[in-house]
Amino acid sequence: MEINFIFKVAAIGIIVAILNIVLSKSGREDQAMLTTLAGLIVVLMMLVPKISELFSTVKSLFSL
């Protein structure tokens with residue numbers, strides 16, 4: 001796995017955490033929750049191809 005990918009996921013997590021804190025402090029808990037949910041969806045969409053790649057590597061390793 002590339003280190004750039006890990007940095008991208010970490011950057012998204014930091015940005016979402018900051019936005020969540022700012023929105024919660026300003027009384028917009030609903031928008032804070034939606035921001036967190038959107039960040040989670042973005043990270044999951046980034047992870048799906050990597051998981052698929054992992055499964056294909058394991059499949060080829062064991063000749064399945």
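Hi everyone, let me begin with one residue, Val42: at 40% relative accessibility, this valine counts as partly exposed. Val42 is found in helix α2. Please keep in mind that what you see here is a predicted model.

If we follow the chain from Val42 to Val58, we move 16 residues along the sequence, and the two C-alpha atoms end up 25 Å apart.

Now let's step back to the whole chain. How many helices and strands does the protein chain have? There are two helices and zero strands. The radius of gyration is 16 Å, well over the 11 Å that the globule rule gives for 64 residues, so the chain is more spread out than a compact globule. You can also see this picture in the C-alpha trace, which spans about 55 × 20 × 10 Å along its principal axes.

What about burial? Of the 64 residues, 9% count as buried. The chain exposes about 5,300 Å², and carbon and sulfur atoms supply 74% of that area.

Let's look at the helices in turn. Helix α1 covers residues 3–25, which makes 23 residues. From its first C-alpha to its last, α1 reaches 33 Å, close to the 33 Å expected at 1.5 Å a residue. Which residues of α1 are buried? They are Phe5, Val16 and Leu23, and these buried residues pack against α2. After α1 comes Gly27, with a positive phi near 85°.

On to helix α2, which takes in residues 29–61. A nice residue to find there is Thr36, which sits in α2. Thr36 is partly exposed, with a relative accessible area of 33%. Which residues does Thr36 touch, leaving out those up to four places away in sequence? The answer is Val16 and Asn20. You may remember Val16 as one of the buried residues of α1. Thr36 also has Ala17 at 7.6 Å, C-alpha to C-alpha, although the two are 19 residues apart in sequence.

Last stop: the surface. Met33, Leu34, Leu37, Leu40, Ile41, Leu44 and Met45 form a nonpolar patch there, with about 720 Å² of accessible area together. Take Leu34 from that group, a residue of helix α2. Is Leu34 buried or exposed? With a relative accessible area of 51%, Leu34 is exposed, because the cut-off for that word is over 50%.

So, to recap: two helices and zero strands, buried residues of α1 packing against α2, and a nonpolar patch on the surface that includes Leu34. Thanks for listening!

Definitions and conventions. Residues are numbered from 1 along each chain as its sequence is written. This is a predicted model: local features need pLDDT of at least 70, side-chain atom pairs count only at pLDDT 80 or more; totals for chains, interfaces and linings use all residues. Side-chain values use heavy atoms; hydrogens and water are left out. Patches are made of residues with over 30% relative accessible area and no salt bridge: like charges are joined within 9 Å, nonpolar side chains (Val, Leu, Ile, Met, Phe, Trp, Tyr) within 5 Å. Accessible areas come from the Shrake-Rupley method with a 1.4 Å probe; for residues, only the protein chains shown count as cover. A salt bridge is a side-chain nitrogen of Lys or Arg within 4 Å of a carboxyl oxygen of Asp or Glu. Helices (H or I, at least four residues) and strands (E, at least two) are DSSP runs, numbered from the N terminus. Buried means under 20% relative accessible area, exposed over 50%, partly exposed in between (1.4 Å probe, protein chains only). The expected span of a helix is 1.5 Å times one less than its number of residues. Contact means heavy atoms within 4.5 Å. The radius of gyration is taken over C-alpha atoms; the globule rule is 2.2 Å times the number of residues to the power 0.38.
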